[in-house]
Amino acid sequence: MALHTSRADGRLVLSATLLASTFLMGSSFISGKILLEQGFPPFLLVGWRFFIAALATLPLVLLDGRAFFAALFPPGLRGRELLIVPLIGLAQTAAVMSLLFLAMRTLSAAAAAILLFTNPLWVALASRVLFAERLGLRRLTGLVLGVVGVALAIGPETLLATAPGLFAGLAYGLASALCWAAATLTNKRNELSLGNWSMSFWQMLIGSLFILLAASLAGEQWPSKVSATQWGWFLWLAIPASTGSFGLWFLALKKGNATRVSGFLFFAPLFAVLLSFSVLGTQLSWVQGLGALAIALAIWLVNG
């Protein structure tokens, strides 16, 4: 009885961690949308977002249970990890965000978001093919239903608002999801000596530096005047929506099955829709409500 209770408590903590992470992920779409509409260049916005987020993570590395320097540079850090950690940073921060931006040049933001959040499906399929992880009909059904639910929750009518270059946009959007799936599996399948917060620091720092380099090559410049409100949105984007969401995400990956953990990503666009309704005044349709129910059912199937 005690063992059953302990397992139930563990799943409850894991679910709460994932809900908090995906809520913060969803909120990043709102703050980012506001700043982009007010003229902030996308690469610089994303690059500085994750650079500040990485710095904000530094005090938290002590939560990994080691001295500060030992947490960032563990004594047992293997040579192989020196390749894996930058790979995760490039895939999960630099590649995902850059490809997502390229997709949104020709796709609507909603269409690009739907492609990005097909990530759990690719994680599940790759886990089955590459690692023989059990994937029953129930879980597969839940993953597919989750993708459909995301499409409905964001609003299918917005998918028609695309510019010329649809094929390239779809390719970029799909590539962003595949990069995220690769980072998820790489992190999960390698026993890294870095702690949760140290891993968050390095992957965000490495990714941000590459994005800032891309911004420099693209000739982007930060706005000359930034209001207090805009700084507030940026700090929310950089710290809670980045430091918080990524830190909690890596913590969940270490504690749970990769397929089940990734299934919770369906909550992120749902939270984005709900926050868009409350903050930006976006109206929700009955189709979006149906999408929310589909997402809830998908989470239940994936975690059953």
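Helices here are DSSP runs of at least four residues, numbered from the N terminus. In this predicted model, helix α1 covers residues 2–37 and contains Ser21. The relative accessible area of Ser21 is 0%, and the residue is therefore buried. Leaving aside residues up to four places away in sequence, Ser21 touches Ser245, Leu248 and Trp249. Helix α10 spans residues 228–255, and it is discussed again below.

The overall architecture may be considered next. The protein chain has 13 helices and zero strands, so that, by the DSSP runs used here, its elements read from the N terminus as an unbroken series of α. The chain comprises 304 residues, of which 51% count as buried. Among contacts between residues at least 6 apart in sequence, 89% join residues at least 24 apart.

How such helices lie against one another can be stated in simple terms. Two packed helices are described by the angle between their axes and the distance between the axes. For helix α2 (residues 42–57) and helix α4 (residues 81–103), the angle is about 155° and the axes are 11 Å apart. Because an angle over 145 degrees counts as roughly antiparallel, α2 is roughly antiparallel to α4. The crossing of these two helices is right-handed. On the α2 side, the contact is made by Pro42, Phe43, Val46, Arg49 and Phe50, and on the α4 side by Thr93, Met97, Ser98 and Phe101. By character, the residues of this contact comprise six nonpolar, two polar and one charged.

One residue of this contact, Val46 of helix α2, merits closer inspection. Its relative accessibility is 19%, and since buried means under 20%, Val46 counts as buried. Apart from residues up to four places away in sequence, Val46 touches Met97 and Ile211. Met97 belongs to the α4 side of the contact described above. A further relation concerns Gly207: 161 residues separate Val46 from Gly207 in sequence, while their C-alpha atoms are 9.8 Å apart in space.

A second helix pair is formed by α9 (residues 196–217) and α10 (residues 228–255), which pack at an angle of about 125° with their axes 9 Å apart. The two helices are therefore oblique to each other. As α9 passes α10, the crossing is right-handed. From α9, the residues Asn196, Trp197, Met199, Ser200, Gln203 and Met204 meet Ser242, Thr243, Phe246, Gly247, Phe250, Leu251 and Lys254 of α10. This contact draws on six nonpolar residues, six polar residues and one charged residue.

Two further helices complete this account. Helix α5 (residues 109–116) contains Ala113, which counts as buried at 8% relative accessibility. Ala113 and Ala151 are 38 residues apart along the chain, and their C-alpha atoms are separated by 9.0 Å.

Helix α12 (residues 267–279) has 13 residues, and at 1.5 Å a residue it should span 18 Å; its end C-alpha atoms are 18 Å apart, so the expected and modelled spans agree. The buried residues of α12 are Phe267, Ala268, Pro269, Leu270, Phe271, Ala272, Val273, Leu275 and Ser276. Just after this helix, Gly281 takes a positive phi of about 80°.

Terms used:
Residues numbered from 1 in each chain as written. Predicted model: local features only at pLDDT ≥ 70, side-chain atom pairs only at ≥ 80, totals over all residues. Heavy atoms only, no water. Axes fitted to C-alpha atoms, helices over the stretch in contact; angles between N-to-C directions. Parallel < 35°, antiparallel > 145°, perpendicular 65-115°, else oblique. Left-handed = near helix turned anticlockwise from the far one by under 90°. Contact = heavy atoms within 4.5 Å. Nonpolar A, V, L, I, M, F, W, Y, C, P; charged D, E, K, R; others polar. Buried < 20%, exposed > 50% of the residue type's maximum accessible area, 1.4 Å probe, protein only. Expected span 1.5 Å × (residues − 1).
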